[in-house]
Amino acid sequence: MAIITVKNKVLQGGVHNMTSPYGMRTHPVTGKQKLHEGIDLTGKNGADFVVAFAAGRVSRTGYDESAGYFVKIDHGNQLESVYFHLRPDSITVREGAQVEAGATLAYMGASGQVTGVHLHFGLKRNGKYLDPRPFLEGKQALEEEAAVFRVGERVTLTGRYAAASTAQSAAYAAAIGQTAYVAAVYPGRNFPYQISKVLGEAANRNTLGFADAGALKAAAQQQAPAEIHAGDKVRFTGGSHYKASDSLLPSGGMRTAGQAVVKLVKRGAKHPYHLIGTTSNVWGWVNATQIQAI
């Protein structure tokens with residue numbers, strides 16, 4: 001059990017004892033390994049009144065075999081909060097009602113699949129569950145938009161990540177805090193960003209994992225030296241190239257490392273350097289992180 005200091009409370013008394021964090025765990029009732037899509041909380045003396053995390057509209061109330069009696073609130077910006085395992089007959093709000101932050105919703109209970117009285121609190125953005133703790137602590141803003149990252153960008157892993165882009169849940173945390181590169185982007189997948197320690201042909205062998213935008217933060221970008229101009233010879237470190245300087249997705253497969261000539265430069269573009277390889281098979285636009293002056 002850990003007492004967390006909150007800025008946006010969901011328990012009226014203000015004391016939030018976290019008995020189970022967000023992440024993979026063995027379900028205490030079913031015994032199966034499953035992503036815990038929220039955090040479990042108790043109050044100072046056990047049970048407490050449950051209050052709204054933030055202002056919003058009550059989108060649904062009801063009963064579910066697993067969640068028990070519940071309340072869901074739409075906060076706008078594709079963000080929804082959920083409150084599970086409430087005491088029967090304690091829900092004080094109706095669907096469609098507008099509520100303010102701190103408004104009483106219900107009383108903590110033990111309905112649904114539980115082993116004792118507690119509140120399961122969860123947050124979903126765009127239909128995907130997030131770790132709600134940083135939102136409770138005020139470390140992550142409600143209105144924060146998910147960033148969009150490009151191949152070659154340096155990023156820092158700030159949340160859990162997966163072993164594959166098509167995984168159903170983010171089960172890994174060992175590399176959180178590390179700074180690496182976006183090695184590939186797979187639009188439309190659950191975890192579209194492949195994060196690797198290096199770029200180029202060795203990226204797959206050095207992959208840390210796959211993440212969604214919510215688990216990444218932009219890191220300081222390593223820019224190519226300013227003295228590189230059209231006509232200069234450079235060393236291409238390997239990786240993807242692009243058909244245009246502002247293309248989102250790479251063209252073709254990975255290009256081999258080697259020497260190249262800079263044919264064009266577009267300062268400020270996503271991929272500012274157009275290369276033609278001499279000992280490399282690169283033939284397109286690349287990022288500043290992929291070239292070195294000779």
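## Two open sheets

Two strands are counted here as paired if DSSP finds at least two bridges between them, and on that basis this predicted model contains an open sheet of five strands in the order 24-23-22-19-25, with antiparallel pairing. Strand 24 (283–286) and strand 25 (291–293) stand at the edges, and because each has a single partner strand, one side of each is left without a neighbour in the sheet. From one strand to the next, the twist averages 45°. Strand 19 (residues 233–236) runs antiparallel to strand 25 and is joined to it by three bridges, and within this pairing Phe236 has Ile291 of strand 25 as its bridge partner.

Another open sheet is formed by five strands in the order 17-16-15-14-18, where the pairing is antiparallel. Its edges are strand 17 (207–211) and strand 18 (216–218), each with a single partner strand, so one side of each is left without a neighbour in the sheet. The twist in this sheet averages 45° from one strand to the next. Inside it, strand 15 (residues 179–185) and strand 16 (residues 193–196) pair in the antiparallel sense over four bridges, with Tyr193 of strand 16 serving as the bridge partner of Val185.

## Nonpolar cores

The largest nonpolar core has 29 residues, of which Val10, Leu41, Phe53, Tyr83, Leu119 and Phe121 touch the most other members. Two or more residues are given to this core by each of strand 5 (39–42), strand 8 (68–76), strand 9, strand 11 (104–107), strand 12 (119–125) and helix 1 (133–136). Apart from it lies another core, of 18 residues, which includes Val151, Val155, Ala175 and Val185.

Phe121 illustrates the surroundings of one of these core members: leaving aside neighbours within four places in sequence, Phe121 is in contact with Val10, Gly38, Ile39, Leu41, Phe53, Ser81, Val82, Tyr83, Pro132 and Leu136.

## Positive phi at His85 and Asp89

Most residues other than glycine have a negative phi. Against that background, His85 has a phi near 65°, a positive value in a residue other than glycine, and Asp89 likewise has a positive phi near 65°.

The settings of the two residues can be described in turn. His85 is placed in strand 9 (residues 79–86) and has a relative accessible area of 7%, which means that His85 is buried, the cut-off for that class being under 20%. Asp89 is placed in the loop between strand 9 and strand 10 (98–99), and because its relative accessibility is 80%, Asp89 counts as exposed, a class that begins over 50%.

Methods
Residues numbered from 1 in each chain as written. Predicted model: local features only at pLDDT ≥ 70, side-chain atom pairs only at ≥ 80, totals over all residues. Heavy atoms only, no water. Axes fitted to C-alpha atoms, helices over the stretch in contact; angles between N-to-C directions. Buried < 20%, exposed > 50% of the residue type's maximum accessible area, 1.4 Å probe, protein only. Core = buried A, V, L, I, M, F, W, Y, C linked by side-chain atoms within 4.5 Å. Contact = heavy atoms within 4.5 Å.
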